[in-house]
Amino acid sequence: DVVVNVAPIIGDGQLKGSVGVIHDMSEILSLTAELNAAKERIRKLEAKYTFQDIVGRSDEIRIAVEQAKIAAGTPATVLLRGESGTGKEVLARSIHELSDRAEKPFVPVNCAAIPGDMLETELFGHVKGAFTGADSRREGLFLHAQGGTLFLDEIGEMPLALQSKLLRVIEDRKVRPVGAEREVPVDIRFVFATNADLALNVENGRFRADLFYRINV
């Protein structure tokens, strides 16, 4: 913030302020431009942290935003439900930016866009030689999100076998890279999103009931 307290005009027409002496109108205009630029930066920051990217005026949107603001101030796991294109990732980013993890990474993962046999190594990483083609160690996205927020979009598309491993991470806050012997502690906040009816998927055997109760917080 920039503050200049200007005293009355003195002697030769100079303006004397608490920060120094302003000699002419060009200097005043320059300071005004800097102040306006600072105000614009503050406005953008306020927009970033107050869910201004969420478009909509319906009661449903208003309630969702208010709930998200409350959730952002807690360490709770969040599940966002809604049709594709309704802004679930924007809401997830806003929750992250308003949380105490805002200075740490926000890592989005679209579970539907990554083949099931690759999703495990994307999330958990692997050690060198863990499988054919693993010529070097790779750090997974769980570790990339260390200290921050991991956003798992389209969680309903995650294979059942991987769901059980995800449940273990949520419960124990530890990950074991593919081929590794030891687990690695992680400190991450989970935000999930889906356009599916997970409760129905549980009934149909397509989604683990214990995982659903863990993420539906």
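A contact here means heavy atoms within 4.5 Å. This is a predicted model, in which local features need pLDDT of at least 70, side-chain atom pairs count only at pLDDT 80 or more, and totals for chains, interfaces and linings use all residues. Residues are numbered from 1 along each chain as its sequence is written, and side-chain values use heavy atoms, with hydrogens and water left out.

Begin with the whole chain selected. Of the contacts with a separation of 6 or more, 64% are between residues 24 or more positions apart. The chain contains eight helices and eleven strands (DSSP runs, H or I of at least four residues for helices and E of at least two for strands, numbered from the N terminus). Of its 217 residues, 35% are buried (under 20% relative accessible area, with a 1.4 Å probe and protein chains only). About 13,200 Å² of the chain is exposed, and carbon and sulfur atoms supply 51% of that area (Shrake-Rupley method, 1.4 Å probe).

Next, select residues 88–98, which form helix H3, and pick out Ser 94. Ser 94 has a relative accessible area of 7%, so this residue counts as buried. A polar atom of its side chain lies 2.9 Å from the backbone oxygen of Val 90. Now add Phe 51 and Ile 54: Ser 94 is in contact with both, leaving aside neighbours within four places in sequence.

Then move to helix H4, residues 116–124. Colour its buried residues: Leu 119, Thr 121, Glu 122, Leu 123 and Phe 124. Finish at Gly 125, just after H4, where phi is positive at about 80°.

Definitions and conventions: Buried < 20%, exposed > 50% of the residue type's maximum accessible area, 1.4 Å probe, protein only. Polar contact = N/O pair within 3.5 Å; in protein donor to acceptor, adjacent residues only side chain to side chain.
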